[in-house]
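Here is a short report on one protein model. It starts at a single backbone feature and then widens to the whole chain.

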Amino acid sequence: MAQDEDVPLTGKVKDKLVEAKQGWAREGRLLTGTTADPRTDRLPPGQRLVQDFPVLDLGVQPDVTPANWRLRIEGLVMAPVRLTLDEFRALPQEERVNDIHCVTQWSRYDNAWRGVPVRALLEMARPKEEARFVALTSYDGYTTNLALDDFARDENLFAHSWAGSPLERQHGGPVRLVVPHLYFWKSPKWVTRVELLREDRPGFWEVRGYHNRGDPWMEERYG
Ligand SMILES: Nc1nc2c(c(=O)[nH]1)N[C@H]1C(S)=C(S)[C@@H](COP(=O)(O)O)O[C@H]1N2
Ligand SMILES: [Mo]
């Protein structure tokens, strides 16, 4: 199981929900068998637009206080980074506006995020040449994985605000990652650790049948 030793799955994970979603992956539920072109089609295949902001997680919403929050970038880096929330907030902040696409078929347009670009933190940490993947760990024990190229994209943000307000706990506050070009399960809430790796390390949903990359326009829901 792709689980972080330091950050065990806390509290009571909704086993039924996890089983249901794993079952969908096995059966290929929700697949339309079509692809779309992100340059011309804003809504990826099989998605429907929502106006609200659904909450999806394992049923555990960790209470991370500003004083306890840390962000670590380690593994195959020249200069490991360890930031408190004050240090994180003292870094240059940027805005990003993007669309969310959840594998359970809802999409939400024009989400305004504020935070620190992934690029800026990678420049601080200086990945070693052999680093190719990242493993991400959150305070609820959730994990997910990305190719370093997908993680390092310009639009990706460690976000602390959404729509002009501090990110709510239910949406991953104090800080979540936002990787808008992939399905939203690749955007960990309550993120605390980024580990740069030579080999890929599939995360919570990836070992339960979800696609390893999760490109919405290719409908990479399940692997
Ligand atoms: N830490 C953590 N991050 C997570 C999850 C989770 O269970 N734990 N769920 C993922 C999934 S499956 C989705 S669809 C989005 C949902 O984000 P939202 O609740 O802000 O809509 O968070 C992703 N990030
Ligand atoms: Mo999801």
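Glycine 28 has a positive phi of about 65° and sits just after helix 1. This is a predicted model, so local features need pLDDT of at least 70 and side-chain atom pairs pLDDT 80 or more, while totals for chains, interfaces and linings use all residues. Residues are numbered from 1 along each chain as its sequence is written, chains are lettered from A and ligands numbered from 1 in the order in which they are written, and side-chain values use heavy atoms, without hydrogens and water.

**Helix 1.** Helix 1 covers residues 15–27. Its 13 residues, at 1.5 Å a residue, should span 18 Å, and its end C-alpha atoms are 18 Å apart, which agrees. The expected span is 1.5 Å times one less than the number of residues. Val18, Lys21, Gly23 and Ala25 of helix 1 are buried. Buried means under 20% relative accessible area, exposed over 50%, and partly exposed in between, with a 1.4 Å probe and protein chains only.

**Two loop residues.** The table sets out two loop positions.

| Residue | Loop between | Relative accessible area |
|---|---|---|
| Histidine 171 | strand 9 (165–166) and strand 10 (176–178) | 4%, buried |
| Glycine 164 | strand 8 (157–162) and strand 9 | 75%, exposed |

Beyond its neighbours within four places in sequence, histidine 171 is in contact (heavy atoms within 4.5 Å) with Phe53, Pro54, Val55, Arg176 and Lys189. Glycine 164 and aspartate 86 are 78 residues apart along the chain, and their C-alpha atoms are separated by 19 Å.

**Whole protein.** The protein has 4 helices and 11 strands. Both are DSSP runs numbered from the N terminus: helices are H or I with at least four residues, strands E with at least two. The radius of gyration is 17 Å, close to the 17 Å that the globule rule gives for 223 residues, so the protein is as compact as a globular protein of that length. That radius is taken over C-alpha atoms, and the rule is 2.2 Å times the number of residues to the power 0.38. Along the principal axes, the C-alpha atoms fill a box of roughly 45 × 35 × 35 Å.

Of the 223 residues, 54% count as buried. Among contacts with a separation of 6 or more, 72% come from residues 24 or more positions apart.

**Charge.** There are 31 positive and 34 negative side chains, and the centres of the two sets lie 3 Å apart. Lys and Arg count as positive, Asp and Glu as negative; His and the chain ends are not counted. Each charge is placed at NZ of Lys, CZ of Arg, CG of Asp or CD of Glu.
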